[in-house]
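Please open the model in your viewer and keep the sequence panel beside it. The tour below moves from one selection to the next and says what is to be found at each stop.

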Amino acid sequence: MRLGILGLIGVVHLLLTAALAVDFSRWYTYSEASQLARQEGRILMVYFWSHGCPYCEQMNTFVFSDPAVSQVLERCFVVASVDSQSPEGIPLARQLRAVGTPTFVFLVYGEGSWKETGRLFGSRPRAQFLRELQQVSTQGGSGCG
């Protein structure tokens with residue numbers, strides 16, 4: 001009976017661990033993403049977007065759908081998706097100086113605070129965005145570039 005209980009505890013532990021595992025292909029709120037990036041030692045990419053923004057739609061449709069872009073994002077970053085007009089987004093956009101959309105702010109955590117390691121503004125082609133992600137990851141010290 002004891003072995004059965006230990007086995008059951010092990011299975012429950014595995015299920016809970018899997019349920020709590022970080023999914024780097026997922027995009028999070030800023031608060032979730034900043035906590036995960038800090039815990040995992042990853043670069044935080046804050047993507048500011050807004051409803052009706054044609055350049056945001058270009059990025060969403062033609063760039064983020066690219067498998068190579070997705071792979072770099074999953075491997076090197078924790079992504080925060082922030083509606084710049086939402087209650088969370090308005091003060092955060094002001095704080096991080098995101099004056100338009102799309103804006104991408106890259107942050108690394110060190111010595112007790114977040115430091116900006118890169119910033120991109122506007123829509124861009126897939127290949128250019130991929131190069132820029134690789135440059136930011138190298139500059140951010142993640143070793144992913």
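Begin with the surface display: the protein exposes about 8,400 Å², and carbon and sulfur atoms supply 58% of that area. Bear in mind throughout that this is a predicted model. If you colour the residues by accessibility, buried residues make up 40% of the 145 residues in the protein.

Switch next to a cartoon view, in which 6 helices and 5 strands can be picked out. Followed along the sequence, these elements come in the pattern α-β-α-β-α-α-β-α-β-β-α. Among contacts between residues at least 6 apart in sequence, 64% join residues at least 24 apart.

**The sheet**

Select the strands, and you will see an open sheet of 5 strands, with mixed pairing and the order 1-3-2-4-5. Strand 1 (27–28) and strand 5 stand at the edges, and because each has a single partner strand, one side of each is left without a neighbour in the sheet.

Now add helix 4 to the selection: helix 4 packs on the sheet, where it touches strand 1, strand 2 and strand 3, and its direction makes about 105° with that of strand 3.

Move on to strand 2 (43–49). Is this strand enclosed or open to its surroundings? Strand 2 is largely enclosed by the rest of the structure, because 6 of its 7 residues are buried. Strand 2 runs parallel to strand 3, and 7 bridges join the two, whereas with strand 4 it pairs in the antiparallel sense over 5 bridges.

To see both pairings from one residue, select F48, which stands opposite V82 in strand 3 and has T103 as its bridge partner in strand 4. A further pair to display between strand 2 and strand 3 is W49, which stands opposite D83.

From there, go to strand 4 (103–110) and strand 5 (residues 113–121), which run antiparallel and are joined by 8 bridges. Within this pairing, V108 stands opposite K115 in strand 5. The two strands form a hairpin with 2 residues between them, and it is worth centring the view on E111 in the turn, which has a positive phi of about 55°.

**The nonpolar cores**

In soluble globular proteins, nonpolar side chains tend to be buried together. Show the side chains of M45, F64, F77, F104, F106, F129 and L133, which, of the 21 residues in the largest nonpolar core, touch the most other members. Several elements each supply at least two residues of this core, namely strand 2, helix 3 (54–63), helix 4 (67–76), strand 3 (77–83), strand 4 and helix 6 (126–139).

Which residues does M45 touch, leaving aside residues up to four places away in sequence? Selecting M45 and its surroundings brings up F64, L73, F77, V78, V79, A80, F104, V105, F106, F129 and L133.

There is also a second, separate core of 17 residues, and you can find it by selecting A37, V46, V78 and V82, which are among its members.

**The salt bridges**

Side chains of opposite charge can pair when their charged atoms come close. The structure holds 4 salt bridges, and a stop at some of them shows how exposed the partners are.

Start with R26 and E32, which form a salt bridge whose closest N and O atoms are 3.9 Å apart. R26 is partly exposed, with a relative accessible area of 39%, and E32, at 34% relative accessibility, also counts as partly exposed.

Continue to E116 and R119, whose side chains meet in a salt bridge with an N to O distance of 2.8 Å. Here E116 counts as partly exposed at 38% relative accessibility, while R119 is partly exposed with a relative accessible area of 29%. Add R97 to the selection as well, since R97, E116 and R119 are linked in a network of salt bridges.

Finish with E132 and R124: are these two partners buried or exposed? Their side chains meet in a salt bridge (2.5 Å, N to O). E132 is buried, because its relative accessible area of 13% lies under the 20% limit, and R124 is buried too, with a relative accessible area of 12%.

Terms used:
Residues numbered from 1 in each chain as written. Predicted model: local features only at pLDDT ≥ 70, side-chain atom pairs only at ≥ 80, totals over all residues. Heavy atoms only, no water. Core = buried A, V, L, I, M, F, W, Y, C linked by side-chain atoms within 4.5 Å. Buried < 20%, exposed > 50% of the residue type's maximum accessible area, 1.4 Å probe, protein only. Helix = DSSP H or I, 4+ residues; strand = E, 2+ residues; numbered from the N terminus. Contact = heavy atoms within 4.5 Å. Pairing = 2+ DSSP bridges. Areas by Shrake-Rupley, 256 points an atom, 1.4 Å probe, with all protein chains shown as cover. Axes fitted to C-alpha atoms, helices over the stretch in contact; angles between N-to-C directions.
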